[in-house]
Amino acid sequence: MKKLIAIIALCIATYSAKAQELQMESITSFNYSIGIPVGNLSDFISKVSPLGFSIDYKRAITPNIYVGGEFGMNNFYEERSYQTYTEGTASISGIQTRYNTSMPITITADYIYTANNQFKPYFGIGLGTVYNYREIDLGLFNSTINTWFFTIKPEAGVIFNLNSFTGIKLGARYFQTFNTKDIDAYSYFAIDVGFVLMHF
């Protein structure tokens, strides 16, 4: 009986060690995102936005380096008080509502510190594009601009393992776009809380 218990314990330990070894071959995370406008974007909309998400997938190319892709959205919104707005030679009074929706699509590379089975700090960089929709409503008057930006995205955070296969991620991303003919460059932070799936 003792031998049987010892064999079962050895099998469980071996399986657990193998799961720890394989669990980080690839990572998928589903993230709730809070957007914080800075720079030119904060001049247009100053309010922090709770309306965001991102999904990313990364696969290991070395024990600590993961490459993959990410798609997300941050929707910023602000209502300005009643006042007179002037553009060129025209002036109009009213309550102005502003919207800015950013949808980044990036290729990413992360370094993940995997020596600790419980906490896994990471940092990385992403390159890609941001589709941007901007709208201004003022009574019966409406103005919209659609454009694509090139973007660079540094990121850092930590993954907290719930078990060998799932975890919680806390992270921060910073998006820096570059000028287009339609809209000047802008930037924002995205603070993420995510659910992580770790695959074999």
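**Close-up 1. Five aromatic residues gather into one cluster in this predicted model.** The members are F76, F149, F175, Y186 and Y188. It's a good place to start looking around, and the next view picks out one of the five residues, F175.

**Close-up 2. F175, a buried cluster member in strand β9.** F175 sits in strand β9, and its relative accessibility is 0%, so it counts as buried. Who touches it from further along the chain? Leaving aside neighbours within four places in sequence, F175 is in contact with E70, P104, T151, I152, K153, Y186, S187, Y188 and A190. Two of those contacts, Y186 and Y188, also belong to the aromatic cluster. For a sense of how the chain comes back on itself, try V38: F175 and V38 are 137 residues apart in sequence, yet their C-alpha atoms are 9.9 Å apart in space.

**Close-up 3. F150 and F178 make a tilted aromatic pair.** There are 11 aromatic pairs in the count. In this one, the rings of F150 and F178 are 5.6 Å apart, centre to centre, with 35 degrees between the planes. F150 belongs to strand β8, while F178 is in the loop between β9 (166-177) and β10 (187-199), so the pair ties together parts that are 28 residues apart in sequence. Are these two buried or exposed? Neither, quite: F150 is partly exposed because its relative accessibility is 47%, and F178 gets the label partly exposed too, at 39%.

**Close-up 4. Y174 and F189 link strands β9 and β10.** Here the ring centres of Y174 and F189 are 4.8 Å apart and the planes meet at 50 degrees, so this pair is tilted. Y174 comes from strand β9 and F189 from strand β10, and the pair links distant parts of the chain, 15 residues apart. Y174 has 24% relative accessibility, so it counts as partly exposed. F189 is also partly exposed, with a value of 34%.

**Close-up 5. R134 over the face of F44.** This one is simple: R134 lies over the face of the F44 ring, 4.2 Å from the ring centre.

**Close-up 6. T147, buried in strand β8.** T147 is part of strand β8, which covers residues 141-161. Its relative accessible area is 6%, so T147 is buried. What does its side chain pair up with? The side chain of D182, through a polar contact of 3.5 Å. Beyond its neighbours within four places in sequence, T147 is in contact with V130, Y131, N132, T180, D182 and I183.

Definitions and conventions:
Residues numbered from 1 in each chain as written. Predicted model: local features only at pLDDT ≥ 70, side-chain atom pairs only at ≥ 80, totals over all residues. Heavy atoms only, no water. Helix = DSSP H or I, 4+ residues; strand = E, 2+ residues; numbered from the N terminus. Buried < 20%, exposed > 50% of the residue type's maximum accessible area, 1.4 Å probe, protein only. Polar contact = N/O pair within 3.5 Å; in protein donor to acceptor, adjacent residues only side chain to side chain. Contact = heavy atoms within 4.5 Å. Phe/Tyr/Trp six-rings, centres within 6.5 Å; stacked < 30°, edge-to-face > 60°. Lys NZ or Arg CZ within 6 Å of the ring centre and 35° of its normal.
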